[in-house]
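Work through the exercises below with the sequence and the structure open beside you. Try each task before you read its solution.

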Amino acid sequence: MKAMLYTAVEEAPAMESVEEDVIKRHFANFDENFYHYCDEELKKINTFYSEKLAEATRKYAALSAQLRSMVENQQKAKTKSHTLKRINLPYRKAQELKLAFSEFYLSLILLQNYQNLNHTGFRKILKKHDKLLRSDNGGRWQKEQVETSHFFTNKDIDKLINDTETTVTGTLEGGDRQKAMKRLRVPPLGEQQSPWTTFKVGLFSGSFVVLFIAVILSAIFHESTGENLKIAFRLYRGPLLLIEFVFLMGVNIYGWRSSGVNHVLIFELDPRNHLSEQHLMEMAAIFGVVWTLSLLSFLYSASLSIPPYVNPLALTIVMIVFVMNPFKVFRYEARFWLLKTIGRMVAAPFFHVGFADFWLADQLNSLVTALLDFQFLTCFYVTNGNWLEAGNTRQCMEESYIIRPIVNCLPAWFRFAQCLRRYRDSKEAFPHLVNAGKYSTTFCVVIFATLRSFHASKYDDAFDNPYLWLWLLSSVVSACYAYTWDIKMDWGLFDKNAGENTFLREEIVYSTPFFYYFAIVEDLVLRFVWALSFALTEYRIVSGDLMTSVLAPLEVFRRFVWNFFRLENEHLNNCGKFRAVRDISIAPIDSNDQIIILKMMDDEDGVINRDTKHGRAKNRKIKEDKKPLLTTFKGSLQDLTVDISSSKKL
């Protein structure tokens, strides 16, 4: 609408060159188009609001009926037992209803925000109309049309909100309104991140960088034996990989949120209380500082009079206690959500598989080195009684032919079991059984690698070992299988209907196709980098431990890139059929968009398109039913036409 107004003003004849009647006719013609467009938009808003209000009314009636039925059943049970105690609802059913009312209340608040935002939008654009055209027609249209329309005059949404609050307070929370409103609380849509959190991210990140440099210099010039440092790095490598993973997850969330990928919906998180990217980065930075301090304490343990191998154990215990802490402090809700998800993942295939369950198991497949390092840490402290010297650790590494292969296979087993469970639930052999086949190739790789190592002493030349060739064959098959699945199934790329997005897909979210082409090449390189590692270690150019230390962070980085496109594909196409039941759109309003929209209304420079970045439109193929209502206009005002599709919803 702002574009239409600015076009009208720019195309208006100059006052000094034409008569006043010509200018009046010019703006009269424009007003006819403008108010027709306003009328069509108002109809769509009214229709959408009425549909959502009717849907909300039905949902409230259904939830209330369930609640009444449960209360009546409890009353009958109490009557039969001849007790006069206060009615207590069944715990599990009460929790389910509390969650259902909480979700329902959130939808009511969003609908109320929709009502207020559209009224504000009309008020501001009509005020701008009167200011630019020096008229009072906009104000009159506002009073006659907008303020008498159904979406503005109807107050049923307020009644539903009050009824929901009363029901939850009186029945589900035993009359405790404070507890009920805490459960129903919805944060303001324009809520900004705390400056204190931003400050802590910067402080601890800077501290980590400085301390990490100090660790490197201390390790280089330290007098400790090389074997001790080698064992120490094995003990510290796993925690470092987890810290890298948490930090990169923060970057993932920032990318999803800024590009409109609705990760909160896809993971079925509580929209009132979930970790932002800053919270995750802050957590990673704090643990990064603790990690560097622990390693410095190890290096200078003699000066501090501390047994050196106390330090890595203390670090691991601190991290475990942080996650397992049962008290409601230190992000309790997020930790509890993580523990529940881990429980369902470990218990596969005995639980239904949600998106978060499958996603976490996939992350674990990229953290195998961290799992093996924690296995080594456990074995080291169980078998080594001397915390001053490392001693012989071969039984925990090279000579561990049972425990380490099992740990190595655990992440693949979790995903394999989840695929079987999804096949059992859906009866769809493709993609679930085919996906299970992908993870079964990992079992072959681990088995043949273990047999190759076990029988290595029998052969003078490593290439005479038949298990080496079986390992190479299974590794090639596994890498090709996994790469093809990444590109075609997980990311949905190489779509034959990609159009101008060559080798990609018809619709993309991120701002430039370069990101997608980079990811395709990066995933290929890192899926097959094991071949380079094999060549370098086999010919003694690089030690196996050093190669693992280089490749493990790269694998975490590969998964970080994979996360961007896997969630984008789920968001656009529901490719895994994990979608939650809440409403979803291609570019959902995130927590800051209400402020942005209000700012757009007051901006004198014209329209800001949320699908652009730094002034450049996203290179996205616009479908026929999503073409803009007003295209760039270069003709005269009399030729201006507006494409209105009254059957479409906002």
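The exercises that follow concern a predicted model.

**Exercise 1.** Describe the chain as a whole, beginning with its helices and strands and ending with its surface.

*Solution.* Begin with the secondary structure, where the chain has 23 helices and two strands. Next consider burial: of the 650 residues in the chain, 44% are buried. Then turn to the contacts with a separation of 6 or more, of which 74% are between residues 24 or more positions apart. Finally, the accessible surface of the chain is about 35000 Å², and carbon and sulfur atoms contribute 61% of this area.

**Exercise 2.** Work out how helix 11 and helix 13 are oriented towards each other, and which residues meet where they pack.

*Solution.* Start from the geometry: helix 11, residues 277–299, packs against helix 13, residues 310–324, at an angle of about 160 degrees, and the two axes are 9 Å apart. Angles over 145 degrees count as roughly antiparallel, and therefore helix 11 is roughly antiparallel to helix 13. The crossing of these two helices is right-handed. Now look at the residues that meet, which in helix 11 include Phe287, Trp291 and Phe298, and in helix 13 include Leu315, Met319 and Phe322. Sorted by kind, the residues of this contact are 10 nonpolar, three polar and no charged.

**Exercise 3.** Decide whether Ser400 is buried or exposed, and place it among its surroundings.

*Solution.* First locate Ser400, which belongs to the loop between helix 16 (368–383) and helix 17 (403–426). The cut-off for a buried residue is under 20% relative accessible area; Ser400 has 12%, and it is therefore buried. Beyond its neighbours within four places in sequence, Ser400 is in contact with Gln375, Arg394, Gln395 and Pro405. As a last step, compare sequence with space: Ser400 and Thr450 are 50 residues apart in sequence, while their C-alpha atoms are 9.2 Å apart.

**Exercise 4.** Find where the backbone has cis peptide bonds at Pro349 and Pro431, and where Arg331 and Phe494 have a positive phi.

*Solution.* Take the cis bonds first. One joins Ala348 and Pro349, with omega about 10 degrees, and Pro349 is in the loop between helix 14 (332–346) and helix 15. Another joins Phe430 and Pro431, with omega about 15 degrees, and Pro431 lies in helix 18, residues 429–454. Then turn to phi, which is near 60 degrees in Arg331, a residue of the loop between helix 13 and helix 14. For Phe494 phi is near 55 degrees, and this residue is in the loop between helix 19 (466–490) and helix 20 (513–527).

Note on methods. Residues numbered from 1 in each chain as written. Predicted model: local features only at pLDDT ≥ 70, side-chain atom pairs only at ≥ 80, totals over all residues. Heavy atoms only, no water. Axes fitted to C-alpha atoms, helices over the stretch in contact; angles between N-to-C directions. Helix = DSSP H or I, 4+ residues; strand = E, 2+ residues; numbered from the N terminus. Parallel < 35°, antiparallel > 145°, perpendicular 65-115°, else oblique. Left-handed = near helix turned anticlockwise from the far one by under 90°. Contact = heavy atoms within 4.5 Å. Nonpolar A, V, L, I, M, F, W, Y, C, P; charged D, E, K, R; others polar. Buried < 20%, exposed > 50% of the residue type's maximum accessible area, 1.4 Å probe, protein only. Areas by Shrake-Rupley, 256 points an atom, 1.4 Å probe, with all protein chains shown as cover.
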